[in-house]
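Hi everyone, thanks for coming. Let me put today's structure up on the screen, and then we'll walk through it together.

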Amino acid sequence: MEAFKIVLLVFLILCAISASLIKNPLLSVIVFMSYSLIMSIIWFLLESPDLAITEAAVGAGVSSILFFVTLRKLKALQEGGQHEQDKR
Amino acid sequence: MSRIRDNYEDSLWNRLTKWVNGESDPFAGKMEMEPLREADYVGDSVYNPERLDKKKVLKYLEDTEKNQEIRAFRVLYNLSSVALCLLLIAVLLMAVSYLPVLGDPNGPNNNEVSARYVEKGMEESGAVNMVTNMILSYRGFDTFGETCVLFIAATCVIILLRKSEEEIENAKETDWKYEPKPDAILQKITLILVPVIFLYGFYIILNGHLSPGGGFSGGATVGAGLILYVTTFGFHKTQRFFNEKTYDMVKVGALSLYSVTMIYYFYTGANLIENHIPLGTPGDILSSGMILPINIFVGLEVACTMYAFFALFRRGGM
């Protein structure tokens with residue numbers, strides 16, 4: 001169990017760092033989702049299942065959906081959109 | 001009596017206001033300027049973005065060998081940001097080292113308050129789940145404030161993002177008029193999944209006083225199910241059972257019933273005073289007095305808020 005906890009914590013830190021470093025917004029949001037899922041497992045191991053359910057529903061579910069919707073509105077997800085043209 | 005000023009135009013305050021408003025150019029008349037050429041007057045303003053060559057500007061900015069100022073600024077900027085980050089990390093690590101160890105019996109979090117919650121909680125409020133017991137009865141006022149914050153947040157999003165039905169219908173070019181393309185796989189899976197998600201959400205809400213969960217988690221689950229339904233079948237189908245009228249009624253109704261329940265609770269039955277709602281046997285579904293209805297109200301409130309956030313971000317209406 002200790003080893004499992006250490007693996008989870010290492011993954012948590014990796015996810016947190018890579019979510020801020022990844023340039024592609026879509027990948028970044030997906031990594032942030034996996035961060036929330038790992039966090040919810042950690043909440044469960046810390047004996048707070050209430051928080052685990054909330055983290056899984058809000059952190060991994062609703063907030064990432066809101067991120068996706070916002071990115072789509074900003075046209076950051078489309079290939080060859082405004083965002084891509086500025087780079088060239 | 002105020003002094004009459006004849007040179008108000010030159011006063012410090014007037015010049016400051018003008019400078020803040022951007023009306024005056026602080027370098028006008030003080031610097032030698034090259035007069036504008038005829039070609040720069042194209043269009044309405046002197047600044048013509050079409051004539052501005054972005055590549056030249058970038059080349060000038062990135063030419064750090066000639067531009068010593070920018071080079072120094074970049075080095076200083078990077079160094080100071082790294083230093084700030086290290087300082088923040090050091091402060092946070094120092095603060096963490098002072099925190100008590102998790103689960104320490106002598107820690108400051110294990111005082112008489114939590115001992116009383118654990119010992120008398122079930123007897124006083126009738127809920128088996130300690131967390132719900134604490135959130136909704138001992139600290140019910142906090143949760144009421146949080147629910148009001150959710151209501152205000154949803155109201156602000158409505159004020160900022162709402163579009164009228166005509167605007168949505170007329171907006172053909174933009175993304176606002178959003179209806180998903182019918183996708184057989186997605187629709188079949190959604191038809192199987194959504195009832196299960198709803199059932200699980202309502203289970204979490206109704207069993208809030210018996211098992212982990214409660215109004216907030218269950219409401220978020222129900223809201224996620226609604227969002228899944230909308231993304232698959234579109235807003236027109238969802239409006240058959242959940243439109244703006246339903247949203248208003250459910251949200252305002254749940255919040256006002258919640259406030260009425262809370263006021264009644266504080267006046268009559270807060271903690272040791274006789275509670276007029278029977279507590280029932282701990283472990284039954286219909287037990288624990290106030291907690292079950294309050295859980296339902298919070299769940300409805302949260303589900304509506306989650307759905308409203310999505311619908312307003314996506315389409316600008318429900």
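**Two helices side by side**

Let's start in chain A, where H2(A) and H3(A) are roughly antiparallel to each other. Keep in mind as we go that this is a predicted model.

So why do we call them that? The axes of helix H2 (residues 25–45) and helix H3 (residues 49–73) of chain A cross at roughly 175 degrees, and angles over 145 count as roughly antiparallel, therefore the label fits. Those two axes come within 7 Å.

Which residues make the contact? From H2(A), they include A:Phe32, A:Met33, A:Trp43 and A:Phe44. From H3(A), A:Ala52, A:Gly59, A:Phe67 and A:Leu71 are among them. Sorted by class, the contact of H2(A) with H3(A) has 17 nonpolar, four polar and one charged residues.

Now over to chain B. If you look for strands there, you'll find zero, but you can count twelve helices. Buried residues make up 24% of its 318 residues. And if we take the contacts in chain B with a separation of 6 or more, 68% of them join residues 24 or more positions apart.

Finally, how do the chains meet? Here 18 residues of chain B are in contact with 14 residues of chain A. On the chain B side, the elements that give two or more residues are helix H9 (215–233) and helix H12 (291–314). H9(B) gives the most, with seven residues. That side of chain B divides into eleven nonpolar, five polar and two charged residues.

Thanks for listening, everyone!

Terms used. Residues numbered from 1 in each chain as written. Chains lettered and ligands numbered in written order. Predicted model: local features only at pLDDT ≥ 70, side-chain atom pairs only at ≥ 80, totals over all residues. Contact = placed C-beta atoms within 7 Å. Helix = DSSP H or I, 4+ residues; strand = E, 2+ residues; numbered from the N terminus. Nonpolar A, V, L, I, M, F, W, Y, C, P; charged D, E, K, R; others polar. Buried ≥ 20, exposed ≤ 12 C-beta atoms within 10 Å, placed from the backbone. Axes fitted to C-alpha atoms, helices over the stretch in contact; angles between N-to-C directions. Parallel < 35°, antiparallel > 145°, perpendicular 65-115°, else oblique.
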